[in-house]
Amino acid sequence: MREAERWMRQGERDLVSARNSCRSGDFEWACFQAQQSAEKSLKALLYAKGFRKILTHSVFELIREVGVSEPSFLALKSEAKVLDSAYIMTRYPDSIVGNLTPSEYYDREDAEECIEYADSICSAARQSLSG
């Protein structure tokens, strides 16, 4: 349980960082940090359930795995897909069609959407761990 709590704390901190990046206009970083928040929060739940090695970075895959024992998380699959797309496109400039970089492609609206989705996932994970 100690490892789960450690991952949860970092997931919550990544969400704070995402909000800070959004405020400073670093929208691609806000999207990336939001994805990291959701990923780490879900991994916290899996560690609490006894998992030892979790090799995926996909929020969608993590939602599906958590959903096996907590079906309410399956309602967050659409949010997970958005965060997974942001994870790839904020990390790799060549994943964006054309000549734009992630910093030129992502805007405030994207960042706010990713933060909202990560907040939903992070809050559900925290509630599950506390309950």
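Among contacts in the protein chain between residues at least 6 apart in sequence, what percentage join residues at least 24 apart? The share is 63%. Keep that in mind during the tour, which moves through a predicted model.

**Whole chain**

Start with the protein chain in cartoon view. It shows 6 helices and 0 strands, and the order along the sequence reads α-α-α-α-α-α. The radius of gyration is 14 Å, close to the 14 Å that the globule rule gives for 131 residues, so the chain is as compact as a globular protein of that length. Aligned to its principal axes, the C-alpha trace spans about 45 × 25 × 25 Å.

Next, switch on a surface. The accessible surface of the protein chain comes to about 7200 Å², and carbon and sulfur atoms account for 49% of that area. Colouring by burial would mark 46% of the 131 residues as buried.

Then colour by charge. The protein chain carries 17 positive and 21 negative side chains. The centres of these two sets lie 10 Å apart.

**Helices α1 and α6**

Side chains of opposite charge can pair when their charged atoms come close. The structure holds 7 salt bridges; the tour stops at some of them.

Select Arg-126 and Glu-5. Their side chains form a salt bridge, with 3.0 Å from N to O. Arg-126 belongs to helix α6 (residues 108–130) and Glu-5 to helix α1 (residues 2–23), so this pair ties together parts that are 121 residues apart in sequence. Both ends are partly exposed: Arg-126 has a relative accessible area of 22%, and Glu-5 has 27% relative accessibility. Add Glu-12 to the selection, since Glu-5, Glu-12 and Arg-126 are linked in a network of salt bridges.

Which residue forms a salt bridge with Arg-19? Select Asp-119: the closest N and O atoms of Arg-19 and Asp-119 are 3.6 Å apart. This pair links distant parts of the chain, with Arg-19 in helix α1 and Asp-119 in helix α6, 100 residues apart. Arg-19 is partly exposed at 32% relative accessibility. Asp-119 is also partly exposed, with a relative accessible area of 29%.

Stay on helix α1 and pick Ser-21. Ser-21 is buried, with a relative accessible area of 11%. Leaving aside neighbours within four places in sequence, Ser-21 is in contact with Asp-26, Phe-27, Trp-29, Ala-30 and Gln-33.

Now go to Ser-123 in helix α6. Is Ser-123 buried or partly exposed? Ser-123 is partly exposed, with a relative accessible area of 39%. Draw a distance from Ser-123 to Pro-93: the two are 30 residues apart in sequence, and their C-alpha atoms are 31 Å apart in space.

**A pair between loops**

Select Glu-70 and Lys-49. The closest N and O atoms of this salt bridge are 2.8 Å apart. Glu-70 sits in the loop between α3 (59–69) and α4, while Lys-49 sits in the loop between α2 (27–48) and α3, so the pair ties together parts that are 21 residues apart in sequence. The accessibilities of the two partners fall in separate classes: Glu-70 counts as buried at 17% relative accessibility, whereas Lys-49 counts as partly exposed at 39%.

**Helix α4**

Move on to Asp-84, which is in helix α4 (residues 77–91). Asp-84 is buried yet has no salt bridge. How far away is the nearest side chain of opposite charge? That side chain is Lys-81, at 9.0 Å from Asp-84. A salt bridge requires a side-chain nitrogen of Lys or Arg within 4 Å of a carboxyl oxygen of Asp or Glu.

Show the surroundings of Asp-84. Not counting residues up to four places away in sequence, Asp-84 touches Gln-35, His-57, Ser-58, Val-59 and Phe-60.

For the last stop, select Glu-79, also placed in helix α4. At 17% relative accessibility, Glu-79 counts as buried, because the cut-off for buried is under 20% relative accessible area. Finish with a distance from Glu-79 to Ala-38. The two residues are 41 apart along the chain, and their C-alpha atoms are separated by 9.8 Å.

Technical notes:
Residues numbered from 1 in each chain as written. Predicted model: local features only at pLDDT ≥ 70, side-chain atom pairs only at ≥ 80, totals over all residues. Heavy atoms only, no water. Helix = DSSP H or I, 4+ residues; strand = E, 2+ residues; numbered from the N terminus. Rg over C-alpha atoms; globule rule 2.2 N^0.38 Å. Buried < 20%, exposed > 50% of the residue type's maximum accessible area, 1.4 Å probe, protein only. Contact = heavy atoms within 4.5 Å. Areas by Shrake-Rupley, 256 points an atom, 1.4 Å probe, with all protein chains shown as cover. Lys, Arg positive; Asp, Glu negative; His and termini not counted. Charge placed at Lys NZ, Arg CZ, Asp CG, Glu CD.
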